[in-house]
Amino acid sequence: MNPLELMQLKDKALNFKESHPKFINFLRAVSRRNLAEGTIMEVSIIPPGGETLSANLKLTASDIELIRSLSELEKK
């Protein structure tokens with residue numbers, strides 16, 4: 001990834017943080033808990049007037065590190 005793409009990604013992340021502060025707070029709360037490999041995370045998407053889509057995944061060490069890194073957006 002080139003430096004310009006990194007800057008654009010940072011801008012998008014900051015815009016996301018401003019648009020969805022509750023989500024960043026959620027990630028922060030999750031990262032404070034004692035997450036362990038094997039924890040199941042479930043995600044649901046509910047479009048207006050559409051069918052709900054859900055998926056779950058078993059967290060790995062790298063997933064947990066990503067959640068903790070994303071939660072740091074709240075502090076910046």
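Here a colleague asks a modeller about a predicted model of a protein chain.

Colleague: Thanks for sitting down with me. What makes up the secondary structure of the protein chain, and which pattern does it follow along the sequence?

Modeller: Happy to help! The chain has three helices and two strands, and along the sequence they are arranged as α-α-β-β-α.

Colleague: Why is the chain called more spread out than a compact globule?

Modeller: Its radius of gyration is 15 Å, whereas the globule rule gives 11 Å for 76 residues; the value is well over the rule, so the chain is more spread out than a compact globule. The C-alpha atoms fill a box of roughly 35 × 35 × 25 Å along the principal axes.

Colleague: And how much of the chain is buried, and how much area does the chain expose?

Modeller: Buried residues account for 14% of the 76 residues. The exposed area is about 6300 Å², with 58% of it supplied by carbon and sulfur atoms.

Colleague: What do you know about the confidence, and where is it lowest and highest?

Modeller: The average pLDDT is 86, and 95% of the residues score at least 70. Helix H2, residues 21-32, has the lowest confidence with a mean of 82, while strand S2, residues 53-58, has the highest at 96.

Colleague: Let's turn to single residues. Why is Leu35 called buried?

Modeller: Buried means under 20% relative accessible area. Leu35 has 15%, so Leu35 is buried. This residue sits in the loop between H2 and S1.

Colleague: Which residues does Leu35 contact, leaving aside neighbours within four places in sequence?

Modeller: Leu35 is in contact with Val30, Ile64, Ile67 and Arg68. As for Thr60, 25 residues from Leu35 in sequence, the C-alpha to C-alpha distance is 9.8 Å.

Colleague: What makes Ile45 count as exposed?

Modeller: The cut-off for exposed is over 50%. Ile45 has a relative accessibility of 51%, so Ile45 counts as exposed. You will find Ile45 in strand S1.

Colleague: What does Ile45 touch, and how far is Ile45 from Ala55?

Modeller: Outside its neighbours within four places in sequence, Ile45 is in contact with Glu51, Thr52 and Leu53. Ala55 is ten residues away along the chain, with 9.0 Å between the C-alpha atoms of the pair.

Colleague: Thr52 has come up there. Why is Thr52 called partly exposed?

Modeller: Partly exposed lies between the 20% and 50% cut-offs. With a relative accessible area of 41%, Thr52 is therefore partly exposed. Thr52 belongs to the loop between strand S1 (40-45) and S2, and its contacts, again without neighbours within four places, are Ser44, Ile45 and Ile46.

Colleague: How do you know that Phe16 counts as partly exposed too?

Modeller: By the reasoning used for Thr52: Phe16 has 38% relative accessibility, so Phe16 counts as partly exposed. Phe16 is in helix H1, residues 3-19. Not counting residues up to four places away in sequence, Phe16 touches Phe23 and Ile24.

Colleague: One last topic, then: contacts and charges. What share of contacts joins residues at least 24 apart, and how many charged side chains are there?

Modeller: Among contacts between residues at least 6 apart in sequence, 46% join residues at least 24 apart. There are 11 positive and 10 negative side chains, and the centres of these two sets are 8 Å apart.

Key. Residues are numbered from 1 along each chain as its sequence is written. This is a predicted model: local features need pLDDT of at least 70, side-chain atom pairs count only at pLDDT 80 or more; totals for chains, interfaces and linings use all residues. Side-chain values use heavy atoms; hydrogens and water are left out. Helices (H or I, at least four residues) and strands (E, at least two) are DSSP runs, numbered from the N terminus. The radius of gyration is taken over C-alpha atoms; the globule rule is 2.2 Å times the number of residues to the power 0.38. Buried means under 20% relative accessible area, exposed over 50%, partly exposed in between (1.4 Å probe, protein chains only). Contact means heavy atoms within 4.5 Å. Accessible areas come from the Shrake-Rupley method with a 1.4 Å probe; for residues, only the protein chains shown count as cover. Lys and Arg count as positive and Asp and Glu as negative; His and the chain ends are not counted. The place of a charge is taken as NZ of Lys, CZ of Arg, CG of Asp or CD of Glu. pLDDT is the predictor's confidence in each residue, from 0 to 100.
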